[in-house]
Amino acid sequence: NLRELNLSRNKLGAKGAKALAKAMAKVVTLERLLLDECSIEAKGAAELVPVLIMNKTRMVELSLPKNKIEAKGGAALAPALGNLTQLQCLNLQENKLEAKGVAALAPALGNLTQLQCLNLTLNKIGTEELAPALEKMTNLQRLLLGGNSIDDKGLEALIPAISGMNLHDLNLSGNKLRAHGAEVLAPALEEMYDLHLNLSGNDIGEEGEDALREYLEDDRFDV
C-alpha cells in the first residue's frame, strides 16, 4: 500500500532507477514519486516508465528535478506522462530539456488537465512548443519558468495560453525580458487575483515598470 516514495539526493543513477522499477513492479497505489537530484539521466527516466504506467490513475505528484534527463529522457517519459490524468504537480526543474525536450513532452503535458503546479525552471525551454499544452491546463495555479532565456518574443507566445488563468505564482525570473515583454504581459494579469509575480533578473527598465505600475500598486499582487 505504498503511497509516497522519496529517494531524493541518493545518486541512484540509471542502474538504481532500473532496480527501483523492478522492485516496484507490482505497486499500484503510488501517489507521489520524489526523485530529486538522483542522477538518473535519460536512461533512468526511461526505466521509470513502467512505474508511472502502473500508477497512472493514482499519481498526483512527480518530482524529477536536477536529473540531467535532457531531451531524450523527456521523450522517453512522454507516453507514460500523458496518462497521468490525476497529476497535480510536475517538477522537471534543471534537466536540460531545451526546446526539443519540451516539444517531445508537449502532447503529454496537454493531457494533464488537473495539473496545478508545473516547474520547468532552468531548462532553456521553447515557449512556442509549450504554449499549446498550457492552454489545456485550466486548473494551473503555479507556473515556474525562471532561468529559461525567454525573451519578449518567447513571452508573446505564452500570452494566449496564460491569459484568463487565475495563477497564484508566475515565475519568469532570470530570463531575457525587456520593456516590451512587460507591456505584453500586463493585460494577461487582469484576470488574476492573489498573484505572486517574479520578474527579477530581467531588464524591463522604467518603461516596463510603467507598464506594470497598475499591478505594482494593486494589493491583489505581490510583484
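This passage describes two charged surface patches and the largest nonpolar core of a predicted model.

On the surface, Lys15, Lys18, Lys22 and Lys43 form a positive patch. Helix 1, which spans residues 13–23, supplies the largest share of the positive patch, namely three residues. Lys43 is located in helix 2, which covers residues 41–47. The relative accessibility of Lys43 is 60%, so this residue counts as exposed, the cut-off for that class being over 50%.

A patch of negative charge is also found on the surface, where Glu183, Glu206, Glu207 and Glu209 gather. The largest share of the negative patch, three residues, is provided by helix 9 (residues 205–211). Glu207 is part of helix 9. Glu207 has a relative accessible area of 54% and is therefore exposed.

In the interior, the largest nonpolar core consists of 70 residues. Within this core, the residues with the most contacts are Leu81, Leu90, Leu118, Leu130, Leu134 and Leu185. At least two residues of the core come from each of helix 1, helix 3 (49–54), helix 4 (70–81), helix 5 (98–109), helix 6 (127–134), helix 7 (152–162), helix 8 (179–185) and strand 8 (195–198). Helix 7 contributes the largest share of the core, five residues. In soluble globular proteins, nonpolar side chains tend to be buried together.

Helix 1 thus appears in two of these descriptions: three residues of the positive patch come from helix 1, and helix 1 also supplies at least two residues of the nonpolar core.

Note on methods
Residues are numbered from 1 along each chain as its sequence is written. This is a predicted model: local features need pLDDT of at least 70, side-chain atom pairs count only at pLDDT 80 or more; totals for chains, interfaces and linings use all residues. Side-chain values use heavy atoms; hydrogens and water are left out. Patches are made of residues with over 30% relative accessible area and no salt bridge: like charges are joined within 9 Å, nonpolar side chains (Val, Leu, Ile, Met, Phe, Trp, Tyr) within 5 Å. Accessible areas come from the Shrake-Rupley method with a 1.4 Å probe; for residues, only the protein chains shown count as cover. A salt bridge is a side-chain nitrogen of Lys or Arg within 4 Å of a carboxyl oxygen of Asp or Glu. Lys and Arg count as positive and Asp and Glu as negative; His and the chain ends are not counted. The place of a charge is taken as NZ of Lys, CZ of Arg, CG of Asp or CD of Glu. Helices (H or I, at least four residues) and strands (E, at least two) are DSSP runs, numbered from the N terminus. Buried means under 20% relative accessible area, exposed over 50%, partly exposed in between (1.4 Å probe, protein chains only). A nonpolar core is a set of buried Ala, Val, Leu, Ile, Met, Phe, Trp, Tyr and Cys residues joined through side-chain atoms within 4.5 Å.
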